[in-house]
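Visitor: Please show me the chain. I would like to go through it by question and answer.

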Amino acid sequence: MKSIIKTVLAAAALICSVATAFAQESSSGSVVRRRAGDRNAPRQQDGTMVTDRMKNFYTDDNSGITDADRQWMRVIYRSIDLDKDQNAALYYPEDPVDGQENLFRIIMRLLASNIVPAYEYLDGREIFTEKYLIKTKDILDRFYIPYTEAKGSTEKNPKFTIEESDVPTNEVLSYYIVERWEYDTRNNRLRPVVEAICPVLHRAGDFGGEALKYPMFWVRFADLRPYLAAQQIFVDDDNNLPTCTYDDFFTLNLYDGDIYKTRNLKNKSMVQMYPDPDSLKKAQDSIQTNLENFEKKLWVPSREEVIAARERAEALAAGADSTQLSETPKTSRTRASARSTKRSTKEKKAKAPKVSTKNSSSSSATRSVRRRK
(Lines give C-alpha, C1' and ligand atoms only; values in the text may rest on other atoms or scores of the structure.)
Protein backbone atom coordinates (compact mmCIF):
# COMPACT_ATOMS: atom_id res chain seq x y z
CA MET A 1 0.00 0.00 0.00
CA LYS A 2 2.83 2.37 0.86
CA SER A 3 4.53 1.63 -2.44
CA ILE A 4 1.34 2.51 -4.31
CA ILE A 5 1.04 5.84 -2.45
CA LYS A 6 4.68 6.66 -3.20
CA THR A 7 4.14 5.89 -6.89
CA VAL A 8 1.06 8.18 -7.06
CA LEU A 9 2.91 11.01 -5.32
CA ALA A 10 5.88 10.67 -7.66
CA ALA A 11 3.60 10.77 -10.69
CA ALA A 12 1.83 13.91 -9.36
CA ALA A 13 5.18 15.63 -8.76
CA LEU A 14 6.29 14.75 -12.27
CA ILE A 15 3.10 16.19 -13.75
CA CYS A 16 3.51 19.41 -11.76
CA SER A 17 7.09 19.85 -12.87
CA VAL A 18 6.17 19.31 -16.53
CA ALA A 19 3.31 21.82 -16.28
CA THR A 20 5.60 24.41 -14.66
CA ALA A 21 8.25 23.98 -17.35
CA PHE A 22 5.65 24.29 -20.08
CA ALA A 23 4.25 27.47 -18.53
CA GLN A 24 7.71 29.01 -18.30
CA GLU A 25 8.46 28.10 -21.92
CA SER A 26 5.18 29.56 -23.16
CA SER A 27 5.72 32.78 -21.23
CA SER A 28 9.19 33.24 -22.72
CA GLY A 29 7.96 32.63 -26.28
CA SER A 30 6.57 35.18 -28.75
CA VAL A 31 2.94 34.18 -28.22
CA VAL A 32 1.55 34.63 -24.72
CA ARG A 33 -2.03 33.89 -23.75
CA ARG A 34 -3.18 36.90 -21.82
CA ARG A 35 -5.54 36.54 -18.87
CA ALA A 36 -8.89 38.28 -18.80
CA GLY A 37 -7.63 40.87 -16.34
CA ASP A 38 -4.68 41.80 -18.63
CA ARG A 39 -6.70 42.74 -21.70
CA ASN A 40 -6.06 46.44 -21.14
CA ALA A 41 -2.33 45.95 -20.52
CA PRO A 42 -1.13 47.44 -23.85
CA ARG A 43 -3.33 50.51 -23.47
CA GLN A 44 -1.10 53.54 -22.99
CA GLN A 45 -1.83 56.47 -20.74
CA ASP A 46 -2.87 58.46 -23.79
CA GLY A 47 -5.78 56.08 -24.38
CA THR A 48 -4.48 54.63 -27.66
CA MET A 49 -4.35 50.86 -28.07
CA VAL A 50 -0.80 50.40 -29.39
CA THR A 51 1.24 47.29 -28.65
CA ASP A 52 4.97 46.76 -28.91
CA ARG A 53 4.37 44.59 -31.95
CA MET A 54 2.61 47.47 -33.69
CA LYS A 55 5.45 49.81 -32.81
CA ASN A 56 8.03 47.45 -34.25
CA PHE A 57 5.96 46.89 -37.38
CA TYR A 58 5.50 50.56 -38.20
CA THR A 59 8.84 51.83 -36.92
CA ASP A 60 11.13 49.29 -38.57
CA ASP A 61 11.67 49.25 -42.32
CA ASN A 62 10.11 45.90 -43.21
CA SER A 63 10.87 46.24 -46.91
CA GLY A 64 14.49 45.19 -46.37
CA ILE A 65 15.78 48.05 -48.53
CA THR A 66 19.26 49.26 -47.62
CA ASP A 67 21.28 52.27 -48.69
CA ALA A 68 23.03 50.07 -51.29
CA ASP A 69 19.65 49.46 -52.97
CA ARG A 70 18.82 53.16 -53.19
CA GLN A 71 20.21 54.45 -56.49
CA TRP A 72 18.47 57.84 -56.60
CA MET A 73 16.75 60.11 -54.10
CA ARG A 74 15.33 63.62 -54.06
CA VAL A 75 14.09 65.44 -50.96
CA ILE A 76 10.99 67.60 -51.40
CA TYR A 77 9.45 70.03 -48.90
CA ARG A 78 5.69 70.58 -49.19
CA SER A 79 3.25 72.94 -47.55
CA ILE A 80 -0.16 71.37 -46.84
CA ASP A 81 -2.89 73.98 -46.62
CA LEU A 82 -5.80 72.77 -44.50
CA ASP A 83 -8.23 75.11 -46.25
CA LYS A 84 -8.18 72.78 -49.27
CA ASP A 85 -10.95 70.21 -49.34
CA GLN A 86 -8.51 67.39 -50.03
CA ASN A 87 -6.67 68.14 -46.75
CA ALA A 88 -9.75 68.75 -44.58
CA ALA A 89 -9.38 65.32 -42.93
CA LEU A 90 -6.31 66.61 -41.07
CA TYR A 91 -8.22 69.52 -39.49
CA TYR A 92 -11.72 68.22 -38.74
CA PRO A 93 -13.16 67.64 -36.25
CA GLU A 94 -11.75 70.58 -34.30
CA ASP A 95 -12.95 69.06 -31.00
CA PRO A 96 -12.92 65.32 -30.17
CA VAL A 97 -16.19 63.69 -31.29
CA ASP A 98 -16.97 59.99 -30.72
CA GLY A 99 -13.29 59.13 -30.41
CA GLN A 100 -12.34 61.11 -33.51
CA GLU A 101 -9.43 63.56 -33.14
CA ASN A 102 -7.62 65.71 -35.63
CA LEU A 103 -3.93 65.32 -36.33
CA PHE A 104 -2.64 68.16 -34.15
CA ARG A 105 -4.48 66.93 -31.05
CA ILE A 106 -2.93 63.49 -31.47
CA ILE A 107 0.56 64.98 -31.84
CA MET A 108 0.17 67.20 -28.77
CA ARG A 109 -1.21 64.36 -26.67
CA LEU A 110 1.75 62.16 -27.56
CA LEU A 111 4.20 64.97 -26.79
CA ALA A 112 2.55 65.78 -23.46
CA SER A 113 2.73 62.10 -22.46
CA ASN A 114 6.42 61.98 -23.49
CA ILE A 115 5.75 59.15 -25.94
CA VAL A 116 7.25 60.64 -29.13
CA PRO A 117 10.19 63.08 -29.34
CA ALA A 118 10.16 66.47 -31.08
CA TYR A 119 13.02 68.12 -32.95
CA GLU A 120 13.97 71.74 -33.45
CA TYR A 121 12.86 73.53 -36.61
CA LEU A 122 16.10 74.62 -38.31
CA ASP A 123 14.67 76.39 -41.37
CA GLY A 124 15.63 73.98 -44.09
CA ARG A 125 18.36 71.82 -42.56
CA GLU A 126 16.45 69.23 -40.57
CA ILE A 127 18.64 66.94 -38.43
CA PHE A 128 16.82 64.34 -36.36
CA THR A 129 19.44 63.52 -33.75
CA GLU A 130 19.66 63.81 -29.98
CA LYS A 131 21.52 67.08 -30.29
CA TYR A 132 18.44 68.80 -31.76
CA LEU A 133 15.80 67.32 -29.48
CA ILE A 134 13.48 69.92 -28.00
CA LYS A 135 11.73 69.59 -24.67
CA THR A 136 7.94 69.61 -24.54
CA LYS A 137 8.00 72.21 -21.78
CA ASP A 138 9.99 74.59 -24.01
CA ILE A 139 7.45 74.12 -26.81
CA LEU A 140 4.52 74.89 -24.53
CA ASP A 141 6.23 77.95 -23.08
CA ARG A 142 7.35 79.25 -26.46
CA PHE A 143 3.84 79.20 -27.96
CA TYR A 144 1.99 80.16 -24.76
CA ILE A 145 0.04 76.92 -24.34
CA PRO A 146 -1.24 76.48 -20.75
CA TYR A 147 -0.33 73.21 -19.02
CA THR A 148 0.09 71.52 -15.66
CA GLU A 149 2.41 68.72 -14.61
CA ALA A 150 0.70 65.35 -14.81
CA LYS A 151 0.63 62.75 -12.08
CA GLY A 152 3.73 60.60 -12.08
CA SER A 153 5.86 63.20 -13.86
CA THR A 154 9.56 63.08 -13.07
CA GLU A 155 12.61 65.01 -14.18
CA LYS A 156 13.74 62.20 -16.48
CA ASN A 157 10.22 61.42 -17.69
CA PRO A 158 8.27 64.70 -17.71
CA LYS A 159 4.56 64.52 -18.46
CA PHE A 160 2.04 67.31 -18.80
CA THR A 161 -1.71 67.76 -18.82
CA ILE A 162 -3.24 70.12 -21.37
CA GLU A 163 -6.93 70.94 -21.32
CA GLU A 164 -8.76 70.30 -24.58
CA SER A 165 -9.85 73.94 -24.81
CA ASP A 166 -6.22 75.10 -24.49
CA VAL A 167 -4.93 73.14 -27.49
CA PRO A 168 -4.67 75.72 -30.33
CA THR A 169 -6.15 73.53 -33.05
CA ASN A 170 -7.92 76.50 -34.70
CA GLU A 171 -4.54 78.21 -35.23
CA VAL A 172 -2.70 75.26 -36.81
CA LEU A 173 -3.89 75.83 -40.37
CA SER A 174 -1.07 74.18 -42.31
CA TYR A 175 1.69 71.60 -42.07
CA TYR A 176 5.16 71.26 -43.52
CA ILE A 177 6.22 67.77 -44.54
CA VAL A 178 9.49 66.33 -45.81
CA GLU A 179 9.17 63.81 -48.64
CA ARG A 180 11.88 61.47 -49.88
CA TRP A 181 11.38 60.26 -53.44
CA GLU A 182 13.48 57.11 -53.58
CA TYR A 183 14.29 54.74 -56.42
CA ASP A 184 15.55 51.35 -55.28
CA THR A 185 16.93 48.59 -57.47
CA ARG A 186 15.41 45.82 -55.37
CA ASN A 187 11.83 46.71 -56.32
CA ASN A 188 12.69 48.72 -59.45
CA ARG A 189 10.21 51.43 -58.62
CA LEU A 190 10.02 55.00 -57.41
CA ARG A 191 8.14 55.65 -54.19
CA PRO A 192 7.55 58.77 -52.08
CA VAL A 193 8.15 58.39 -48.35
CA VAL A 194 7.05 60.96 -45.77
CA GLU A 195 9.96 61.56 -43.40
CA ALA A 196 8.74 64.23 -40.96
CA ILE A 197 5.78 66.51 -40.16
CA CYS A 198 5.85 70.05 -38.79
CA PRO A 199 2.69 71.83 -37.51
CA VAL A 200 2.58 75.49 -38.55
CA LEU A 201 0.87 77.98 -36.24
CA HIS A 202 -0.96 80.89 -37.91
CA ARG A 203 -1.16 83.60 -35.30
CA ALA A 204 -1.87 87.31 -35.69
CA GLY A 205 0.14 89.93 -33.82
CA ASP A 206 -0.97 92.09 -30.94
CA PHE A 207 -2.08 94.84 -33.34
CA GLY A 208 -3.96 92.57 -35.73
CA GLY A 209 -3.12 92.41 -39.40
CA GLU A 210 -2.28 89.36 -41.45
CA ALA A 211 -1.50 86.21 -39.48
CA LEU A 212 2.15 85.15 -39.39
CA LYS A 213 3.34 81.57 -39.78
CA TYR A 214 5.30 79.98 -36.94
CA PRO A 215 6.68 76.48 -37.63
CA MET A 216 6.51 74.76 -34.25
CA PHE A 217 8.64 71.58 -34.32
CA TRP A 218 9.42 68.48 -36.36
CA VAL A 219 8.13 65.01 -35.53
CA ARG A 220 9.44 61.96 -37.37
CA PHE A 221 6.66 60.19 -39.23
CA ALA A 222 8.06 56.79 -38.24
CA ASP A 223 7.50 57.68 -34.57
CA LEU A 224 3.90 58.71 -35.23
CA ARG A 225 2.86 55.83 -37.49
CA PRO A 226 1.76 53.31 -34.80
CA TYR A 227 -0.61 55.90 -33.32
CA LEU A 228 -1.80 57.33 -36.63
CA ALA A 229 -2.65 53.83 -37.83
CA ALA A 230 -4.98 53.42 -34.82
CA GLN A 231 -7.07 56.52 -35.70
CA GLN A 232 -9.83 56.08 -38.29
CA ILE A 233 -10.80 59.17 -40.31
CA PHE A 234 -13.29 60.27 -42.95
CA VAL A 235 -11.92 61.17 -46.36
CA ASP A 236 -15.08 61.32 -48.46
CA ASP A 237 -18.38 63.14 -47.93
CA ASP A 238 -20.22 60.50 -49.97
CA ASN A 239 -19.20 57.73 -47.57
CA ASN A 240 -19.87 58.37 -43.89
CA LEU A 241 -17.85 55.39 -42.70
CA PRO A 242 -14.25 55.98 -41.54
CA THR A 243 -12.55 53.75 -44.12
CA CYS A 244 -9.08 55.27 -43.83
CA THR A 245 -6.45 56.04 -41.20
CA TYR A 246 -4.02 58.91 -40.86
CA ASP A 247 -1.25 56.50 -41.76
CA ASP A 248 -3.04 55.58 -45.01
CA PHE A 249 -3.62 59.26 -45.72
CA PHE A 250 0.13 59.96 -45.78
CA THR A 251 1.51 56.70 -47.13
CA LEU A 252 -0.95 56.73 -50.06
CA ASN A 253 -0.27 60.45 -50.72
CA LEU A 254 -3.91 61.47 -50.44
CA TYR A 255 -2.92 65.02 -49.44
CA ASP A 256 -2.48 68.01 -51.74
CA GLY A 257 0.67 70.01 -51.01
CA ASP A 258 2.62 72.72 -52.82
CA ILE A 259 6.38 72.37 -53.21
CA TYR A 260 8.06 75.22 -51.36
CA LYS A 261 11.60 73.89 -51.32
CA THR A 262 13.92 71.16 -52.58
CA ARG A 263 17.13 70.14 -50.86
CA ASN A 264 20.01 72.03 -52.49
CA LEU A 265 23.56 73.05 -51.65
CA LYS A 266 22.72 76.71 -51.09
CA ASN A 267 19.74 75.86 -48.82
CA LYS A 268 17.48 78.26 -50.72
CA SER A 269 13.71 78.04 -50.93
CA MET A 270 11.74 78.13 -54.18
CA VAL A 271 10.69 81.73 -53.52
CA GLN A 272 14.31 82.80 -53.19
CA MET A 273 15.30 81.09 -56.43
CA TYR A 274 12.19 82.16 -58.38
CA PRO A 275 10.90 85.53 -57.10
CA ASP A 276 8.42 85.92 -59.96
CA PRO A 277 5.11 84.11 -59.25
CA ASP A 278 4.77 82.84 -62.83
CA SER A 279 8.29 81.41 -62.92
CA LEU A 280 7.74 79.92 -59.45
CA LYS A 281 4.61 78.11 -60.63
CA LYS A 282 6.39 76.81 -63.73
CA ALA A 283 9.30 75.53 -61.62
CA GLN A 284 6.94 73.74 -59.21
CA ASP A 285 5.03 72.10 -62.07
CA SER A 286 8.29 71.11 -63.73
CA ILE A 287 9.59 69.42 -60.57
CA GLN A 288 6.32 67.54 -60.06
CA THR A 289 6.26 66.42 -63.71
CA ASN A 290 9.85 65.20 -63.53
CA LEU A 291 9.07 63.19 -60.40
CA GLU A 292 6.04 61.57 -61.99
CA ASN A 293 7.85 60.79 -65.27
CA PHE A 294 11.15 59.67 -63.72
CA GLU A 295 10.17 56.02 -63.57
CA LYS A 296 8.89 56.01 -67.16
CA LYS A 297 12.26 57.15 -68.50
CA LEU A 298 14.07 54.18 -66.99
CA TRP A 299 12.59 51.57 -69.33
CA VAL A 300 13.02 50.96 -73.06
CA PRO A 301 9.59 51.22 -74.74
CA SER A 302 8.16 48.19 -76.51
CA ARG A 303 7.44 48.03 -80.25
CA GLU A 304 3.71 48.67 -79.71
CA GLU A 305 4.45 51.74 -77.56
CA VAL A 306 6.82 53.13 -80.20
CA ILE A 307 4.21 52.67 -82.93
CA ALA A 308 1.50 54.27 -80.78
CA ALA A 309 3.75 57.25 -80.00
CA ARG A 310 4.57 57.70 -83.70
CA GLU A 311 0.89 57.61 -84.64
CA ARG A 312 0.09 60.22 -81.98
CA ALA A 313 2.88 62.46 -83.27
CA GLU A 314 1.63 62.13 -86.86
CA ALA A 315 -1.93 62.87 -85.78
CA LEU A 316 -0.77 65.96 -83.89
CA ALA A 317 1.25 67.13 -86.89
CA ALA A 318 -1.73 66.64 -89.22
CA GLY A 319 -3.97 68.52 -86.84
CA ALA A 320 -1.46 71.39 -86.67
CA ASP A 321 -1.29 71.61 -90.50
CA SER A 322 -5.06 71.71 -90.81
CA THR A 323 -5.23 74.36 -88.12
CA GLN A 324 -2.71 76.52 -89.96
CA LEU A 325 -4.70 76.21 -93.19
CA SER A 326 -7.97 77.07 -91.49
CA GLU A 327 -6.45 80.06 -89.70
CA THR A 328 -4.98 81.73 -92.83
CA PRO A 329 -5.17 85.55 -92.49
CA LYS A 330 -7.91 87.37 -94.41
CA THR A 331 -5.39 89.67 -96.11
CA SER A 332 -3.55 86.77 -97.73
CA ARG A 333 -6.84 85.27 -98.92
CA THR A 334 -7.89 88.67 -100.30
CA ARG A 335 -4.61 89.12 -102.13
CA ALA A 336 -4.84 85.64 -103.58
CA SER A 337 -8.39 86.23 -104.78
CA ALA A 338 -7.37 89.59 -106.27
CA ARG A 339 -4.49 87.98 -108.14
CA SER A 340 -6.78 85.28 -109.49
CA THR A 341 -9.32 87.92 -110.60
CA LYS A 342 -6.67 89.92 -112.46
CA ARG A 343 -5.39 86.77 -114.11
CA SER A 344 -8.85 85.76 -115.31
CA THR A 345 -9.51 89.27 -116.63
CA LYS A 346 -6.32 89.25 -118.67
CA GLU A 347 -7.18 85.84 -120.09
CA LYS A 348 -10.62 87.06 -121.16
CA LYS A 349 -9.14 90.12 -122.85
CA ALA A 350 -6.64 87.96 -124.68
CA LYS A 351 -9.33 85.55 -125.93
CA ALA A 352 -11.95 88.23 -126.88
CA PRO A 353 -12.15 88.95 -130.74
CA LYS A 354 -11.31 92.37 -132.10
CA VAL A 355 -14.34 94.38 -133.25
CA SER A 356 -14.09 97.40 -135.58
CA THR A 357 -15.28 100.75 -134.25
CA LYS A 358 -17.52 101.39 -137.27
CA ASN A 359 -19.75 98.42 -136.87
CA SER A 360 -19.74 98.40 -133.10
CA SER A 361 -22.35 101.11 -132.62
CA SER A 362 -24.75 99.79 -135.30
CA SER A 363 -24.54 96.26 -134.12
CA SER A 364 -25.24 97.29 -130.61
CA ALA A 365 -28.25 99.40 -131.76
CA THR A 366 -29.66 96.59 -133.82
CA ARG A 367 -29.39 94.19 -130.92
CA SER A 368 -31.19 96.61 -128.59
CA VAL A 369 -34.05 97.11 -131.05
CA ARG A 370 -34.55 93.43 -131.45
CA ARG A 371 -34.72 93.03 -127.73
CA ARG A 372 -37.48 95.60 -127.46
CA LYS A 373 -39.54 93.66 -129.98
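Visitor: Where is the place of leucine 254, and between which elements?
Guide: This is a predicted model, in which local features need pLDDT of at least 70, side-chain atom pairs count only at pLDDT 80 or more, and totals for chains, interfaces and linings use all residues. Residues are numbered from 1 along each chain as its sequence is written, and side-chain values use heavy atoms, with hydrogens and water left out. Helices (H or I, at least four residues) and strands (E, at least two) are DSSP runs, numbered from the N terminus. Leucine 254 has its place in the loop between helix H6 (246–251) and strand S12 (257–262).

Visitor: Is leucine 254 buried or partly exposed?
Guide: Buried means under 20% relative accessible area, exposed over 50%, and partly exposed in between (1.4 Å probe, protein chains only). The relative accessibility of leucine 254 is 31%, so this residue counts as partly exposed.

Visitor: Which residues make the nonpolar surface patch of about 250 Å²?
Guide: Patches are made of residues with over 30% relative accessible area and no salt bridge; like charges are joined within 9 Å, nonpolar side chains (Val, Leu, Ile, Met, Phe, Trp, Tyr) within 5 Å. A salt bridge is a side-chain nitrogen of Lys or Arg within 4 Å of a carboxyl oxygen of Asp or Glu. Areas come from the Shrake-Rupley method with a 1.4 Å probe, and for residues only the protein chains shown count as cover. The patch is made by Val235, Leu252 and Leu254.

Visitor: Which residues form the negative surface patch?
Guide: Asp and Glu count as negative, Lys and Arg as positive; His and the chain ends are not counted. A charge is placed at NZ of Lys, CZ of Arg, CG of Asp or CD of Glu. Aspartate 237 sits in the loop between strand S10 (232–233) and strand S11 (244–245), and is exposed at a relative accessible area of 74%. The patch is formed by Asp85, Asp236, Asp237 and Asp238.

Visitor: How many residues of helix H5 are buried?
Guide: H5 covers residues 221–228 and is largely enclosed by the rest of the structure. Its buried residues are Phe221, Ala222, Asp223, Leu224, Pro226, Tyr227 and Leu228. The count is seven of the eight.

Visitor: What separates the C-alpha atoms of methionine 54 and proline 226?
Guide: Methionine 54 belongs to helix H2 (residues 52–59). Its relative accessible area is 25%, so methionine 54 is partly exposed. Proline 226 is 172 residues apart from methionine 54 along the chain. Their C-alpha atoms are separated by 6.0 Å.

Visitor: How many residues of helix H3 are buried?
Guide: H3 (residues 103–112) is mostly covered. Two arginines, Arg105 and Arg109, are among the buried residues. The count is ten of its ten.

Visitor: Which residue follows H3, with a positive phi?
Guide: The residue lies in the loop between H3 and S2. Its phi is near 60 degrees, although it is not a glycine. At 34% relative accessibility, it counts as partly exposed. The residue is asparagine 114.

Visitor: What is the phi of tyrosine 144?
Guide: Tyrosine 144 is in the loop between H4 and strand S4 (148–149). At 71% relative accessibility, tyrosine 144 counts as exposed. Tyrosine 144 is not a glycine, yet its phi is positive, about 55 degrees.

Visitor: How many residues apart in sequence are the parts tied together by glutamate 120 and arginine 142?
Guide: The two side chains meet in a salt bridge (3.1 Å, N to O). Glutamate 120 lies in the loop between strand S2 (118–119) and strand S3 (133–134), and arginine 142 in helix H4 (residues 136–142), so the pair ties together parts that are 22 residues apart.

Visitor: Which residues do salt bridges with shared partners join into one network?
Guide: Arginine 180 and glutamate 182 meet in a salt bridge (2.7 Å, N to O). Arginine 180 counts as buried at 19% relative accessibility, and glutamate 182 counts as buried at 2%. The network joins Arg180, Glu182, Arg191 and Glu195.

Visitor: Which residue does a cis peptide bond join to tyrosine 92?
Guide: Omega of this bond is about 0 degrees. The partner lies in the loop between strand S1 (70–81) and H3. The partner is proline 93.
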